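Trainee: I have a chain open on my screen and would like to go through it with you. Could we begin with the strands and then move on to the rest?

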Amino acid sequence: MKASPNGMSASPLGIRAALDMLGDGEITPVDLVRNAIDRAQLVNPRVNAFAAVAGERALRDAVDSGVRWDEDRARPLEGIPIAVKDLFDTDDMEASYGSAAYKNHFPSADAELVRQLRHQGAIIVGKTTTHEFAWGVTTASTHFGDTCNPVDEARIPGGSSGGAAAAIASGVVAAGLGTDTGGSVRIPAALCGTVGYKPTFGRLSTSGIFPFSPSLDHAGILGATVDDVMLLASALGIDSPATPQGRKTKLGVLRSIPPVPLDAAVTEAFHAGVISIANAYDTVEIDHAGTFEGVFAAFAGIVLTEGSVGHYMRNSKEKIEADYEPETRERIERARNVCISDYFDHQDFRRSFTKRLDDFMDKIDFLVLPTTPCVAPLRGQESVQIGSWSGTVREALMTYAAPFNMAGFPAISIPLAVPPGALPCGLQIVGRRGQDAALLRLAADISSVMVAVGKKI
């Protein structure tokens with residue numbers, strides 16, 4: 001591990017490299033876990049990426065992993081430190097779900113994905129911060145404090161899995177679990193320069209994850225590289241083919257989703273990325289006339305209805321008014337004016353949109369587009385202006401991501417090549433439902449192209 005002046009790793013080993021070193025006896029699981037915990041405690045006062053950092057259990061698990069390595073009984077992720085979003089239940093750490101309403105709440109069991117990763121040998125070293133109940137794109141909190149973007153601490157990391165992306169970008173862990181209801185894995189990955197993968201709807205279990213909008217909620221994976229994401233995905237049953245997709249793969253290029261245009265920085269990075277991809281794949285410009293019209297409004301309507309009903313199923317009006325963030329309370333109050341017929345209409349629109357998108361995707365193998373139309377907004381910024389368009393930060397960041405939650409398609413964000421010192425932005429790759437393995441393989445191939453482009457900038 002590359003060491004910083006205080007003796008800790010300046011960045012985590014990739015999962016594959018860490019497994020190789022563990023197998024060769026060059027490091028131990030205790031080394032990896034202690035380093036991750038120490039670094040989390042070091043960066044947290046500045047970045048606020050962790051809601052909770054693991055205690056003695058993580059080190060005990062690391063000792064057990066060391067024994068397994070010594071006895072040739074190592075599991076696929078044996079001794080690898082990871083972090084999980086504080087929307088997942090964990091039986092050894094507090095799960096506040098980003099809300100003061102659940103402070104000092106300790107679940108009795110792990111979420112299903114946490115259980116699976118522990119069973120594969122992974123060690124949970126912390127719970128990463130989330131926007132309250134995942135209902136936001138900034139990972140800001142009046143109660144717990146804002147999470148900062150490690151690339152520029154004056155800016156947001158994105159949300160709602162902002163803590164996971166910040167933890168990875170800060171070098172604490174190589175990978176972790178997040179959730180994605182309208183872009184909450186892909187958006188922070190793009191803004192922090194990491195990788196974020198949302199699988200096909202229902203492909204990964206949401207059992208033991210605090211529900212937000214059940215018909216849209218996806219569990220997801222973030223990583224420093226596509227390879228890190230692929231290794232976690234494999235441990236969860238999503239294996240990728242070893243061979244590249246090849247030039248016969250047809251990629252549809254979508255340059256914008258109205259009404260939100262791209263800012264200058266994303267335009268330049270995406271254009272350069274498309275040129276580099278076109279050297280390796282068959283690309284075609286996509287005419288999306290009318291395909292995405294009305295999607296964000298329908299998405300927002302579904303979220304408002306399902307999210308609000310879910311909270312009133314769990315908590316009284318008095319508790320909501322006393323303990324919830326003002327932003328969440330306002331949304332729940334606004335939902336009182338929603339008619340059930342509105343929700344029916346939004347779901348009908350969703351079905352028709354999904355059919356349009358299915359038809360749209362029949363002409364290509366995968367779709368590529370920007371993950372977000374702009375780089376990370378400043379903390380506290382309420383609106384975004386791009387050219388003649390202006391709107392909320394939420395609409396700006398979610399317009400390019402939420403459609404694929406509506407349709408349940410798998411999607412991944414990988415970093416675009418940007419000049420030194422520039423803010424990160426992401427390339428989003430979308431596949432048809434069930435194409436998760438092929439999507440990950442393609443993302444790995446395209447990521448290698450992006451790295452090569454980055455070296456030339």
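Trainee: Which residue is the bridge partner of L367 in β13?

Mentor: In strand β13 the bridge partner of L367 is V430. Please keep in mind that this is a predicted model, in which local features need pLDDT of at least 70, side-chain atom pairs count only at pLDDT 80 or more, and totals for chains, interfaces and linings use all residues. Residues are numbered from 1 along each chain as its sequence is written, and side-chain values use heavy atoms, with hydrogens and water left out.

Trainee: And how many bridges join β9 to β13?

Mentor: Four bridges join β9, residues 366-370, to β13, and the two run antiparallel; strands are taken to pair if DSSP finds at least two bridges between them. The strands themselves are DSSP runs of E with at least two residues, helices are runs of H or I with at least four, and both are numbered from the N terminus.

Trainee: What is the bridge partner of A411 in β13?

Mentor: That partner is V430. A411 belongs to β12, residues 411-415, and five bridges join β12 to β13 in an antiparallel arrangement.

Trainee: Which residue stands opposite S413 in β12?

Mentor: G196 stands opposite S413, and three bridges join strand β5, residues 195-198, to β12, again running antiparallel.

Trainee: How many residues of β13 are buried?

Mentor: Five of the five residues in β13, which covers 426-430, are buried, where buried means under 20% relative accessible area, exposed means over 50% and partly exposed lies in between, using a 1.4 Å probe and protein chains only. G426, Q428 and V430 point one way from the strand, while L427 and I429 point the other way, and all are buried. In β12, four of the five residues are buried.

Trainee: Switching topic, is Q347 buried or exposed?

Mentor: Q347 has a relative accessible area of 12%, so it counts as buried. It lies in helix α12, residues 340-361, and, leaving aside residues up to four places away in sequence, Q347 touches S215, I302 and E306, with contact meaning heavy atoms within 4.5 Å.

Trainee: Where are the cis peptide bonds you mentioned last week?

Mentor: One is the bond from G159 to S160, with omega near 5 degrees, and S160 sits in the loop between β3 (123-128) and α5 (162-169). Another is the bond from P258 to P259, also with omega near 5 degrees, and P259 is found in the loop between β7 (250-253) and α8 (264-278).

Trainee: What about phi at A134 and T139?

Mentor: A134 has a positive phi of about 70 degrees although it is not a glycine, and T139, likewise not a glycine, has a positive phi of about 55 degrees. Most residues other than glycine have a negative phi, and most peptide bonds are trans. A134 lies in the loop between β3 and α5, as does T139. A134 counts as buried because its relative accessibility is 4%, and T139 is buried with a relative accessible area of 3%.

Trainee: Last one: what radius of gyration does the chain have?

Mentor: The chain has 21 Å, which agrees with the value near 23 Å for a compact globule of 457 residues; the radius is taken over C-alpha atoms, and the globule rule is 2.2 Å times the number of residues to the power 0.38. Of the 457 residues, 59% count as buried.
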